[in-house]
Amino acid sequence: MEIVSENCAYLSNMEVFQLLDKEKLVEHKHSNTATVAYQTLKYLEKTPCKAQNNDQVTNFLNAIQHYNFTKAEKLQLVNLRPTSIIEMQLIIEELDERLKTEEELENLIHIINRFFPESDSIKIMSFKFNFGESEQETDMPKITTNGMFRECRQHLYKEYSQRFDDFKDLIVGDIQLFYLNPLIASNRVEEKELKSLLESSDLKAGTYEGGFKVWECTFDLLEYLKDHKKCVLNKSVLDLGCGSGLLGVFAFFSGAKKICLQDYNSEVIEEFTFPSVHQSLAKCGDEAFLQFEFYSGDWDNMCVYFSELKKERFDVILSSETIYTVEYYPKLLRVLEEQLTPNGVAYFAAKTHYFGVGGGTLDFIQFIRNNSKFFATTIITNNDGVCREIIKISRLS
């Protein structure tokens, strides 16, 4: 045998999986080849590679160029999708010397989560050594909080002393709402990385999700609620990604019996939501605040936390501009499945398309219809400027 053209290169698990799946080697006429192919496919289906595609891997490798990893280390990062320091130490030689700060390590973990979102196969296979366990037991993923994103925690309401001139007011029908000037609220933040992102107006997965801003789709949803107050009357309401809390506060004034305000960043709840809610309810008396609860943290972690507390589900979920990236759609689907009552309804206000991140109402509706037992439809379209829509989601009967 003569080698005509030598071509030597690393192959990732994703490439092997795609090749075996495409070539249908499990149907090969030689039984040994078919057996090896079948067993390999069976194994790879339970690893991160099943959820990966060429674009994800290419974009990930471009994003980690500045780390100067070896080819073998890059391959392992793609194949194993590590999300903890211990896992990193098994892959990257002299980790402590090459990634000298915790910030560098956390940034690498954020990059991995950004380009390779968690899937069911990852939950099962991510660095588990199941000695003594049966195959049936190892196929059952355990529900645990995702440590790469912020833990969920409850915030006890506290009053703020703030000048009246620091607030902006908003009239919706016969209801007057207030929210703290976002610049004043964000200037109170002390955490270094978050403060830097606020100064540059950037969003960063796992660090800051845009809570210190009143997004334009919030006004669209407020206008809809103004004309449809009955949809929250005597209902329990979750304001998901609440920011200033305008949607939840308007639901309160429209007769909601219980309101839960949630945002990713604890700093948003403490420095933006609290003062805004306080000013809007200033004339309502102390009893009004008893109808509100405040939480911060990642949506997956929120679901776990609420489950542990055995919290009742919500009749209505309100959310504005939270579907801007497709990477978060599985998290949002989990919220709908676990936090919405059987007859509950969710309303998402968002742009038709978010350029650069791939999300939008069209993609979200398609995702919901393809991956769940929910029905999603557009109920309002606003073509004034950038096209915006309101989506209504309910369970299929």
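Helices and strands are DSSP runs, a helix having at least four residues and a strand at least two, and they are numbered from the N terminus. With this convention, positions in the predicted model can be described by the elements that flank them. E93, for instance, is found in the loop between α5, residues 85-91, and α6, residues 95-98.

The whole protein may be considered next. Its secondary structure comes to 17 helices and 10 strands. Of its 397 residues, 49% are buried. Among contacts between residues at least 6 apart in sequence, 69% join residues at least 24 apart. The accessible surface comes to about 21,400 Å², and carbon and sulfur atoms account for 50% of that area.

We now return to the loop that holds E93. This residue has a relative accessible area of 61%, and it is therefore classed as exposed, since the term requires a value over 50%. E93 also belongs to a patch of negative charge on the surface, where it gathers with E94, D96 and E97.

Two further loop residues deserve attention for their backbone angles. R81 lies in the loop between α4, residues 71-80, and α5. Its phi is near 45°, a positive value in a residue other than glycine. N234 is found in the loop between α12, residues 216-227, and β4, residues 236-240. The phi of N234 is near 60°, again a positive value in a residue other than glycine.

Are these two residues buried or exposed? R81 has a relative accessible area of 3% and is therefore buried, because buried means under 20%. N234, with a relative accessible area of 54%, is exposed.

Methods. Residues are numbered from 1 along each chain as its sequence is written. This is a predicted model: local features need pLDDT of at least 70, side-chain atom pairs count only at pLDDT 80 or more; totals for chains, interfaces and linings use all residues. Side-chain values use heavy atoms; hydrogens and water are left out. Patches are made of residues with over 30% relative accessible area and no salt bridge: like charges are joined within 9 Å, nonpolar side chains (Val, Leu, Ile, Met, Phe, Trp, Tyr) within 5 Å. Accessible areas come from the Shrake-Rupley method with a 1.4 Å probe; for residues, only the protein chains shown count as cover. A salt bridge is a side-chain nitrogen of Lys or Arg within 4 Å of a carboxyl oxygen of Asp or Glu. Lys and Arg count as positive and Asp and Glu as negative; His and the chain ends are not counted. The place of a charge is taken as NZ of Lys, CZ of Arg, CG of Asp or CD of Glu. Buried means under 20% relative accessible area, exposed over 50%, partly exposed in between (1.4 Å probe, protein chains only). Contact means heavy atoms within 4.5 Å.
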